[in-house]
Amino acid sequence: MKVKIINRSTHALPAYETAGSAGMDLRANIESPVQLKPLERNLIPTGLFIELPQGTEAQIRPRSGLAVKKGLTLLNTPGTIDSDYRGEIKIIMVNLSDQVQIIEPGERIAQMVMAKYETIEWEETHELRETQRGAGGFGHTGHK
């Protein structure tokens, strides 16, 4: 799939790091380090603008290395970039650790995964087909 991109950052375009990678790393497009106190959140720019084909979305997901090493993750995860959005991709980062964490210029802060989706039409009804699970909710399948 070809995707148009404007790169107003000082970094190379996002790329797949390995042949089996599902996501591409996004980098912090900031001029100086950003400090995040415990439980503080901040909107970090990437300098990237994209034009996705209709029927696709870009999912923004946390990086596992940042989560385990620094306690940094993303809010609203996965974040969705719709095909009609033309603004800058920005990342909502939060510090879940008990220490101040620093985001450095150019640091890899998130990953972006492209996905196709279906547009649905509602078909209103008065009953649904029965299943073995039925209306069993959270934790329902873990009980014997």
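# Asking why: strands, charges and a ring

Guide: Welcome! In this predicted model, three strands form an open sheet in the order 4-9-7, and their pairing is antiparallel.

Visitor: What makes strand 4 and strand 7 edge strands?

Guide: Strand 4 (41–45) and strand 7 (72–74) each have a single partner strand, so one side of each is left without a neighbour in the sheet. As for the twist, neighbouring strands of this sheet are turned by 40 degrees against each other on average, ignoring direction.

Visitor: How do you know that strand 4 and strand 9 pair?

Guide: Count the bridges: strand 4 and strand 9 (residues 90–95) share five of them, in the antiparallel sense. Pairing asks for at least two bridges, so five bridges qualify these strands as a pair. Within this pair, Ile 44 stands opposite Ile 91 of strand 9.

Visitor: Let's turn to charges. Why is the contact between Asp 25 and Arg 63 called a salt bridge?

Guide: The closest N and O atoms of Asp 25 and Arg 63 are 3.3 Å apart. The cut-off is within 4 Å, so this contact counts as a salt bridge. Asp 25 lies in strand 2 (residues 24–27), while Arg 63 lies in the loop between strand 6 (56–61) and helix 1 (64–70), so the pair ties together parts that are 38 residues apart in sequence. Both Asp 25 and Arg 63 are buried.

Visitor: What makes Asp 25 and Arg 108 a salt bridge?

Guide: Here the closest N and O atoms are 2.8 Å apart, which again meets the 4 Å limit. Arg 108 sits in strand 11 (residues 108–116) and Asp 25 in strand 2, so this contact links parts that are 83 residues apart in sequence.

Visitor: Why is Asp 25 called buried and Arg 108 partly exposed?

Guide: Buried means under 20% relative accessible area, and partly exposed runs from there up to 50%. Asp 25 has 12%, so it counts as buried. Arg 108 has 30%, so it counts as partly exposed.

Visitor: How do you know that Glu 107 and Lys 70 form a salt bridge?

Guide: Their closest N and O atoms are 3.0 Å apart, and the rule asks for within 4 Å. Glu 107 lies in the loop between strand 10 (101–103) and strand 11, and Lys 70 in helix 1, so they tie together parts that are 37 residues apart in sequence. At 17% relative accessibility, Glu 107 counts as buried, whereas Lys 70, with 21%, is partly exposed.

Visitor: What joins Asp 25, Arg 63 and Arg 108 into one network?

Guide: Salt bridges that share partners join them. By this rule, the structure has three salt bridges.

Visitor: Why is Arg 8 said to lie over the face of Phe 49?

Guide: Arg 8 is at 4.6 Å from the ring centre of Phe 49. The distance limit is within 6 Å, so that part of the test is met. As for pairs of aromatic rings, the structure holds zero.

Visitor: What makes strand 6 mostly covered?

Guide: Five of its six residues are buried.

Visitor: How do you know that strand 6 pairs with strand 11 and with strand 8?

Guide: Six bridges join strand 6 to strand 11, and three join strand 6 to strand 8 (residues 79–81). At least two are needed, so both count as pairs. Strand 6 runs antiparallel to strand 11, and its pairing with strand 8 is also antiparallel. Gln 59 stands opposite Val 113 in strand 11, and the bridge partner of Ile 60 in strand 8 is Gly 79.

Terms used: Residues are numbered from 1 along each chain as its sequence is written. This is a predicted model: local features need pLDDT of at least 70, side-chain atom pairs count only at pLDDT 80 or more; totals for chains, interfaces and linings use all residues. Side-chain values use heavy atoms; hydrogens and water are left out. Helices (H or I, at least four residues) and strands (E, at least two) are DSSP runs, numbered from the N terminus. Axes are lines fitted to C-alpha atoms, for helices over the stretch in contact, and angles run from 0 to 180 degrees between N-to-C directions. A salt bridge is a side-chain nitrogen of Lys or Arg within 4 Å of a carboxyl oxygen of Asp or Glu. Buried means under 20% relative accessible area, exposed over 50%, partly exposed in between (1.4 Å probe, protein chains only). Rings of Phe, Tyr and Trp (its six-membered ring) pair if their centres lie within 6.5 Å; planes under 30 degrees apart count as stacked, over 60 as edge-to-face and the rest as tilted. A charge sits over a ring if NZ of Lys or CZ of Arg is within 6 Å of the ring centre and within 35 degrees of the ring normal.
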